[in-house]
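User: Please take a close look at a single part of this chain and describe how its side chains are placed and what they meet. One connected account would suit me better than a table.

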Amino acid sequence: MIKITRFFYIHLLVFPLLFLAWLSGGLYTTIAAYAVVFVHEIFHLFAALLVHERVGSVIIMPFGMTLRLSGRIIRHTGKEIFIALAGPFANILMLLISDIIEPFYPAPSLSLYVFRFLNLSVLALNLLPCLPLDGGRVLKALLVRYMGYISAASVMRRMSRLLTVILLILGVLLLLISRLNVSLLLVAGFLVLHMIEEKKQNEFVLMRELLYEKDKLRKRGLMRSRSICAVDSLPAGKVLKMLSYDCYYIIHIVDENQNHLRPVTEAQVVDAITKKGFTISMAEV
């Protein structure tokens with residue numbers, strides 16, 4: 001990785017890719033693709049700054065570019081959706097601009113056709129419901145609202161694996177048909193690398209979220225709340241899966257006859273789990 005500025009980096013594999021593109025006569029298309037993706041990521045960057053999220057880095061990768069925020073998790077589903085949709089909005093905007101300027105071209109333009117094709121490709125790819133693509137981030141944020149962070153992350157991991165396998169298969173077929181086009185394989189490779197990195201960080205992220213759950217109301221001062229009911233014999237770890245970072249939960253514990261025993265806060269559940277483990281029952285909480 002080569003550092004250009006405090007925020008911008010270039011992956012070393014970009015240079016051999018550009019060299020191969022030059023040898024194969026596709027340098028213009030490759031540079032145009034980087035330009036389209038650059039605008040896409042810049043809109044993500046502006047959106048993150050607008051909602052006061054700290055930007056970590058913008059990295060030029062072999063498959064395009066990626067924006068990384070300072071925090072691993074955006075603890076506000078509305079902000080996450082806004083930032084994720086900013087990129088596809090940039091592609092739609094560029095497509096509209098190409099329609100506006102088309103009448104001023106004296107003849108059909110190959111460069112304009114390539115520009116549109118690249119924008120449509122980036123738009124379609126990023127709307128796939130697969131992490132870390134924009135469509136996956138939007139879907140995860142929506143699931144967090146109804147399922148809690150841990151359950152939503154688990155669903156998105158399974159869905160992302162399935163779509164990555166599909167892209168790998170399509171990438172191999174495209175390579176066999178075209179003999180040169182490795183674009184889908186590069187995208188699938190990027191998704192595989194992301195899943196490997198995410199697997200390594202899962203335990204760390206989970207423990208950090210446990211600590212955050214205990215103090216999130218204190219940090220924010222005011223939050224909307226949601227109530228859920230749990231049987232007293234239920235393991236507290238299952239209740240933990242229902243919690244999310246944009247709502248504060250009150251858990252009503254009932255016995256097997258559905259008699260109300262007492263309410264507890266999510267902070268009490270998390271505190272009990274950190275002391276006794278995930279298998280502690282709600283009655284013990």
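Analyst: A relative accessible area of 46% makes Phe89 partly exposed (buried is under 20%, exposed over 50%, partly exposed in between, with a 1.4 Å probe and protein chains only). The model is predicted: local features need pLDDT of at least 70 and side-chain atom pairs pLDDT 80 or more, while totals for chains, interfaces and linings use all residues. Residues are numbered from 1 along each chain as its sequence is written, and side-chain values use heavy atoms, leaving out hydrogens and water.

Phe89 belongs to helix α3, the part followed here, which comprises residues 77-101 (helices are DSSP runs of H or I, at least four residues, numbered from the N terminus). The whole structure contains 1 aromatic pair (centres of Phe, Tyr or six-membered Trp rings within 6.5 Å; stacked under 30 degrees, edge-to-face over 60, otherwise tilted). Its members are Phe43 and Phe89, whose ring centres are 6.2 Å apart; with 50 degrees between the planes, the arrangement is tilted. Because Phe43 sits in helix α2 while Phe89 sits in helix α3, the two rings tie together parts of the chain that are 46 residues apart in sequence. Phe43 is likewise partly exposed, since its relative accessible area is 24%.

The helix opens with Thr77. What are the surroundings of this residue? Leaving aside residues up to four places away in sequence, Thr77 touches Ala141, Val144, Arg145, Tyr245 and Asp246 (contact: heavy atoms within 4.5 Å). Thr77 counts as buried because its relative accessible area is 2%.

Charged side chains come next. The structure holds 4 salt bridges (a Lys or Arg side-chain nitrogen within 4 Å of an Asp or Glu carboxyl oxygen). In one of them, Lys79 meets Glu53, with 4.0 Å from N to O. Lys79 is part of helix α3, whereas Glu53 is in the loop that runs between α2 (27-50) and β3 (55-61), so this bridge ties together parts 26 residues apart in sequence. The two partners fall into separate accessibility classes: Lys79 is partly exposed at 26%, while Glu53 is buried at 18%.

Glu80 pairs with Lys140, and their closest N and O atoms are 3.4 Å apart. Here helix α3, which carries Glu80, is linked to helix α5 (residues 134-147), which carries Lys140; these distant parts of the chain are 60 residues apart. Glu80 is buried, with a relative accessible area of 3%, and Lys140 is also buried, with 11%.

Beyond the end of the helix, Glu102 forms a salt bridge with Arg116, for which the closest N and O atoms are 2.8 Å apart. Glu102 occupies the loop between α3 and α4 (110-126), and Arg116 lies in helix α4 itself, so their bridge ties together parts 14 residues apart in sequence. Glu102 is partly exposed, with 38% relative accessibility. This bridge belongs to a network, in which salt bridges with shared partners join Asp99, Glu102 and Arg116.

Taken together, the helix has several kinds of partner. Lys79 pairs with Glu53, and Glu80 with Lys140. Phe89 faces Phe43 in the tilted aromatic pair. At the start of the helix, the contacts of Thr77 include Tyr245 and Asp246.

Key
Helices (H or I, at least four residues) and strands (E, at least two) are DSSP runs, numbered from the N terminus.
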